[in-house]
Structures are given as C-alpha cells and as structure tokens.
Amino acid sequence: MQTERQELWRSTHLLTEDKKELARTVLDEIRRGRDVTKTLRSHPLRGGGYLNKSMLVAIYNEMVTAGEMQEDMRLLERIRMKPMRTLSGVTTVTVLTKPYPCPGKCIFCPTDVRMPKSYLPDEPGAMRGLEHDFDPYTQVRSRIEQLQSVGHPTDKVELLILGGTWSSYRRDYQEWFVRRCFDAMNRLHHEGHEDHKGNQKESSVDSVATSEALAHAHTFNETANHRNVGLVIETRPDEITPGELRWLRRLGVTKVQMGAQSLDDRILELNKRGHDVECTRRATALLRAAGFKIVLHWMPNLLGATPESDRADFARLWNDFCPDEIKIYPNQLLANAELYEYWQRGEFKPYTTQELIDLIADVKPTIPRYCRVNRVIRDIPSTHVVEGNRKTSLRQDVQGEMQRRGTHCECVRCREVRGKPIHLHLLRLDDLVYPAGAAEEHFISYVTPDDKLAGFIRLSLPGKDSPQTGISDLDGAALIREVHVYGQSLPVGAEKAGAAQHAGLGTRLLEKAEAIAKANGFERMAVISAVGTRGYYLERGFERGELYLTKDRL
Ligand code: SF4
C-alpha cells in the first residue's frame, strides 16, 4: 500500500522537466502503435532506470488538462496500471467506519481497539481507514484521486462500507458517514481536484438537518462526475427487520453483506454467534423481498466443524438462502480472538492448507451459475495466523487443484467476459430460473459462444409466502435486484468498440425482465436503484417512488 502511494506521489510531484520531455516522446510513440513495454525500455532515464506507467499517466493527465493533447481513451487504456481493477464495469471504493463495539461475541472474531470489530490495522483494505482516522470524506476523496492518477475511470463508484456491524452504529453516525462519502464524490472533478463551485453549493447544506443534507447529497450525485452505482454495508442477520430495510434504502444502500458463517445451529452455538440458522433464513428472505443484493459470508473450519460437515454445510447454502455473491472466509486462528484459548486447551485445531484446498476445490464446482464467489480467503497478514493456513494465494492454489482434477467453476466471477471484445450477434440469451425461499428468481444473462457472461439481470418474483416488507413501492411488484453489464468501466459518453457496457445490453435485459414479469401476472416493477443510476432507469420508463424506482401498468 505504502509503496503504491509513494510511487504515485513521486510520479505526480517529482517529475523533472527532463522526465516530462521523455514521457511526451514515449507517449507519442505508444500512440502511434508501438508496444508500451518496448517503448519504455528503449528510452532509459539519464541516471539509469526507466519511466513507469504511472509517470506516463501523470503526464498524459497533465497534457490533456493543459490542452496539449486531446483525450485518447485507447492510449489511456494501454498505459493504465492494473487494468483488471475496473474490468467488472465499476470502480470499488472501500471505506471503514470508526472503531466501535459489535453486539456479536463470535469466538473467532479478532479485537483490536484501534479498529472496528473484526478488522486488523495492517489488513490490506482496512489500512486506509486507519490512515485517514476513519474520516469518510478523506477516505473516499484520496481513493478516487489515487485511482484517477493511475488512469482509472472513476465515474461509476461502488462504495463498500466495512467495519463490524453497520446496524449497531448510531443512526445519526450512519447518516453522517454516508453523507460525507457522497460529499466527497460530489465535490471532485474528473481530474480529482475539489470542485470549488460544488464546494460552495454543498457547504450551504452543512448546517441544515442531516437527513435533508443526505437527500440533497443524493440528488446532487445523480448528475455528479463520480456517480454512486452501488452502496454496500455489512451487518448481522439478527439486525435485519422491515424497519431496517426501510432505513437502509433511505441511506441509498443496494447490497448487504451478512455473516451466515454456518447453516448448522450446533456450530453457530459453539462459536457463540448469537443467532440461529432460522434467523439467517428470515433475514435473507426479507432482503430478497426488498430487492437487495445479498452477499453471504461462509466460514469453514469453525469450532466443531470437520471438512465433511463443511461440505454438507456448503450444500445447504443453495436451498432457501441462494446468495447472489459469497465470500468464503476459512476460519483463521488469531491470537486476539477468544478461539485462541480453545486452541491452547487443545479443543480446536485448524485445517492444514492442503485440507482447505481440497475442501474448496470440492465445493467450488457445485456453485450455481447465478452466484459470484468474491473471495476464498480473507486477506489477513500471515504474521497474525497462529496455526493453520498462512497462504493468501489460496484462490490460485484451488484453481490449480481443480485443473489437476479436470473440474471447473461456473460462478459469475469465473465467467465474466472481462476485457474481451464481444460480438453482439453471437450472444445467447439465457434465463436461469431457480426457487429461493418463497420467491422465484430469474438470472437472465447474455452469454458468449464460449460461455462467458457479457451481462445479466436479477429478476425476483415474490411468491405468496414471501415476507411483507411494509414498503408501499413494492406492493404487487416484480423486483429488479441487479443489472450488470461487463466491460472496462468507461467514462460516461466514451465509446469503445465491442465493449459490453455501451452496447445497449442493459436495456435489452430490462425489456426481457419486464416481459417475464408480465407473463407471470405482475403488473408492476420496482428497481433498487443506486443513487447514481436513477437517471438510467428514469430514461427507461421508471418513475420515482418513495424508496425505489417503479413502473406501473406493464
Ligand atoms: S458479528 Fe461479525 S464483527 Fe461482530 S463479533 Fe461476530 S464476526 Fe465479529
């Protein structure tokens, strides 16, 4: 992390005139079609060493801002570092809430007074929170600036709020925290500088009631340079109630991460989770009925589990719960968690790395095609792990093991089209229908001839036994829970031949979903829109409801 920052700082602040001149020459050659690495190598620096990509991006930005060069997306794409980060179509910005106690007493969960519950100060992804004293504004601003400086488009931002149990924080803090995240997105230009005009406009609302300020920040974001296309929080199943759903929608939340950990009451009790499986079932059904995207965390190797019981446990995920995304977080033995005492008494033994690889390689090919596996291990620095697996490259090891066995995973992540060009006329429309509790889910996707996902939509048709949310926008409505079209995230209006995001796939998927809803007797649709995508749905016939965008008379 530090290295990345230092490098960025050096690139943008310490480029001498000599280096700038050299970078201009290199950029010019690359623009004419020369290979990036070869060009960099053929222009060594006077004192030794070479220019790097972040320096090129810094000079590119400088030249475009000064009017010395026209914007050139193809060139930028070639010199950008780590192109994978934005290939799923949006840029994720992670922010941490302040240290705060959690109502949970889970024995595997680490405690560090400097951090929100369950996070470690040197955990990648959490460090930035500590560095910014958990200030939401500076966390968001610095991340956007950093991504821009290395050439990533940042006009579509998914905000990922991490830290213990979101619902246990005071609501005025939650409201303030989200508002400050939006303020940061609203006040920045594309180039990453504060927009002083916007700043003045925004500062006038700092003194008014917070809820009004949040609504104002939301409205402002609908047309801002950095639009929020997703807002994710993490919480416990026992915090999910109809009242909480309504509150989360007011904040603009679209996706909820929840710790299921196990679907076995005996294991939950042994690990002092403080809720049972029925509670997770109820919470999942409520979130689904309110159109939220659902991410479940699942933990193998909890106290009392065996690789065999974990295999059976994993299979239970696909009855009733059916998460849209999962994070597999194998339990890791840490000295600052209560589980450590069990280990000292000889009552707990972590799996070996090989046992974990075998287990995950066994279960991964069983994951349904509608689910995305976001993680197969948590990124905890190995120095914290007392005993058991220390490898954070488990995903690759599991991949290797599956290749050896001749099996493969068909989850959403493994099938994303990523940067490959797509040919619209070759795409196949697929409607995967599955029951999820009382609802009927349709995972409608456009698939390439080699079975890669170009885009998908999640349509949920509530059944008569689906839970009541008490939200009038949803009365009698079929729900659009997610629309996702892949391709490199491009600035709004930028064209890129063959990129799925701009090929109208989203519109086609919406039309298909509407037809399916109608054929199933629904006369209304509701979409859980992020604040920054409201405009997209308004242009496609949806209207503003209280908490959702809705369409009547299908
Ligand atoms: S609910 Fe989550 S954050 Fe709270 S103690 Fe349990 S694992 Fe840790």
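The legends below describe close-up views of a predicted model.

Local features are given where pLDDT is at least 70, side-chain atom pairs count only at pLDDT 80 or more, and totals for chains, interfaces and linings use all residues. Residues are numbered from 1 along each chain as its sequence is written, and side-chain values use heavy atoms, with hydrogens and water left out.

**View 1. Overall chain.** The chain contains 20 helices and 14 strands (DSSP runs numbered from the N terminus: H or I of at least four residues for helices, E of at least two for strands). Of its 554 residues, 56% are buried (under 20% relative accessible area with a 1.4 Å probe, protein chains only; exposed is over 50%, partly exposed in between). Among contacts (heavy atoms within 4.5 Å) with a separation of 6 or more, 73% join residues 24 or more positions apart.

**View 2. Surroundings of the ligand.** Residues around the ligand (a heavy atom within 4 Å of it) are Cys102, Gly104, Cys106, Phe108, Cys109, Lys117, Ser118, Gly164, Thr165, Arg236 and Arg273. This shell divides into 4 nonpolar, 4 polar and 3 charged residues. In this division Ala, Val, Leu, Ile, Met, Phe, Trp, Tyr, Cys and Pro are nonpolar, Asp, Glu, Lys and Arg are charged, and the others, Gly among them, are polar.

**View 3. Helix 11 and its cover.** Helix 11 spans residues 242–251, and its buried residues are Glu244, Leu245, Trp247, Leu248, Arg249 and Leu251. The elements covering them include helix 8 (171–187), helix 10 (210–221), strand 3 (227–235), strand 4 (255–261) and helix 13 (277–289). Gly252, just after helix 11, has a positive phi of about 100°.

**View 4. Thr284 in helix 13.** Thr284 lies in helix 13 and counts as buried because its relative accessibility is 1%. A polar atom of its side chain lies 2.5 Å from the backbone oxygen of Thr280. Beyond its neighbours within four places in sequence, Thr284 is in contact with Met258, Ile294 and Phe321.

**View 5. Nonpolar cores.** The largest nonpolar core (buried Ala, Val, Leu, Ile, Met, Phe, Trp, Tyr and Cys residues joined through side-chain atoms within 4.5 Å) has 123 residues, and Val140, Phe292, Phe314, Ile326 and Tyr548 have the most contacts inside it. Helix 8 gives the most to this core, with 7 residues. Not counting residues up to four places away in sequence, Val140 touches Val93, Val95, Leu159, Cys181, Ala184 and Met185. A second, separate core of 20 residues includes Val57, Met69, Leu75 and Leu76.

Terms used. A polar contact is a pair of N or O atoms within 3.5 Å; within protein, one must be able to donate a hydrogen and the other to accept it, and residues adjacent in sequence count only if both atoms are side-chain atoms.
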